[in-house]
Amino acid sequence: MTATLSHHYYHDDDVYAYECEHVFRRHWWLVGVESSLAEAGNYLALNLMKWPLVVVRDQQSKLRGYYNLCRHRAGPLVLEGTGHCRDFVCRYHGWRYACSGELLKTPGFEKGEIADPAEMGLLPVRVDSWNGMVFVCLDESAPDLETWLGDIVSIAAGYDETATMHFDGDVIKHAAANWKTYGDNSCEGYHVGMVHKALGSSMLRESVDIDCYDNGEFVGFDVSYSSGKDQSRAGKGFWIYKFPGLLLHFADYAFNAETVLPLDSNSIRLQRWFWSHADKAAANKIDTASIRPNSERVIDEDINICERVQHNLRSGVYPGGTLSARHEPGTIYFQQLVQRALSGFTEPKDSGTKG
Ligand code: FES
Ligand SMILES: [Fe+2]
């Protein structure tokens, strides 16, 4: 018997603060797509949890990552979102930085007033890309991106790369749920029949096969679909939830990736990017136009149930439950990863523990 994780892990601000420093910092986070950063000067700015970041293609075509803050008095270099610039000009007092990070100009300052300008460049952050997606990591000592992805790299080799597909854009959603509530849900197919009625009818039930991969710390579902009602889903597919907050969905005619950003202990921001192979799909009489709306409907259904679960977890009356080794092995594994990651956290006295 496997008991569920204690409810306080799902809504405690101290747990979230611990996670920021000891969990989130140590992982890679999908933040955008390479095609939006194709040209020198293209940038992408975002808040990753509490950290303001900017990723930019420099004049040497190298992808660079920085904290989006000025070395003068912490002003923002750029506002969140995508854009293009030759240099970064701080929005507070106008200090200027090259996209390669060097401090170029400090308007109004006398020569010598800044002791060592060469030491006052932008603060760097690790950035790398894989399969057309851009990732950042705040921990210098964390493994490189491909090591972090582990067995995902060889699984991806069985599907077309995003570079050969059409990029269909992205969608952003917010949910009033802890990232682990969403992770628990994403790691099992047990809820599909109840929560995703349309999806359930097109899924070949016997083909839902869940495996847990230590090399990369992820849960993988071998999902294949009947042509059923949902033509866009026909064919083989592989669904991945990678700890702590990355979803990848490989399929014969499409690929999508989602990042689950924990905003605080009770909310997340979801961003999903879509690619498809319309020509290849059309040759097999598959219409890819419905992939995105269908995906969005599934995300909305998951958000809806997760928000209700979150509400109940916060009520403080849930005494803990039991997970099924047969139907919820992925959630058991995910909760083990959470426990391992939070092993250094000291629990509040009255919280109860996982048995
Ligand atoms: S904070 Fe950037 S120029 Fe002052
Ligand atoms: Fe779901």
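**Strand 18 and its neighbours**

I began with a single pair of residues: Phe255 stands opposite Trp275 in strand 18. The model is a predicted one, and I read every entry below with that in mind.

*Pairing with strand 17.* I next looked up the two strands that hold this pair. Strand 17 covers residues 254–264, and strand 18 covers residues 267–276. I found that ten bridges join them and that they run antiparallel. Two residues lie between strand 17 and strand 18, and the two strands form a hairpin.

*Pairing with strand 12.* I then turned to strand 12, residues 166–175, which also runs antiparallel to strand 18. For this pairing I noted nine bridges. Within it I looked up Ala175, whose bridge partner in strand 18 is Ile268.

*Burial.* How many of the ten residues of strand 18 are buried? I recorded seven, so strand 18 is largely enclosed by the rest of the structure. For the protein chain as a whole, I noted that 39% of the 355 residues count as buried.

*The whole chain.* I listed the secondary structure of the protein chain as nine helices and 19 strands. I noted a radius of gyration of 22 Å, close to the 20 Å that the globule rule gives for 355 residues, so the chain is as compact as a globular protein of that length. I recorded that the C-alpha trace spans about 70 × 60 × 30 Å along its principal axes. Last, I looked up the contacts with a separation of 6 or more: residues 24 or more positions apart account for 60% of them.

Notes. Residues numbered from 1 in each chain as written. Chains lettered and ligands numbered in written order. Predicted model: local features only at pLDDT ≥ 70, side-chain atom pairs only at ≥ 80, totals over all residues. Buried ≥ 20, exposed ≤ 12 C-beta atoms within 10 Å, placed from the backbone. Helix = DSSP H or I, 4+ residues; strand = E, 2+ residues; numbered from the N terminus. Pairing = 2+ DSSP bridges. Rg over C-alpha atoms; globule rule 2.2 N^0.38 Å. Contact = placed C-beta atoms within 7 Å.
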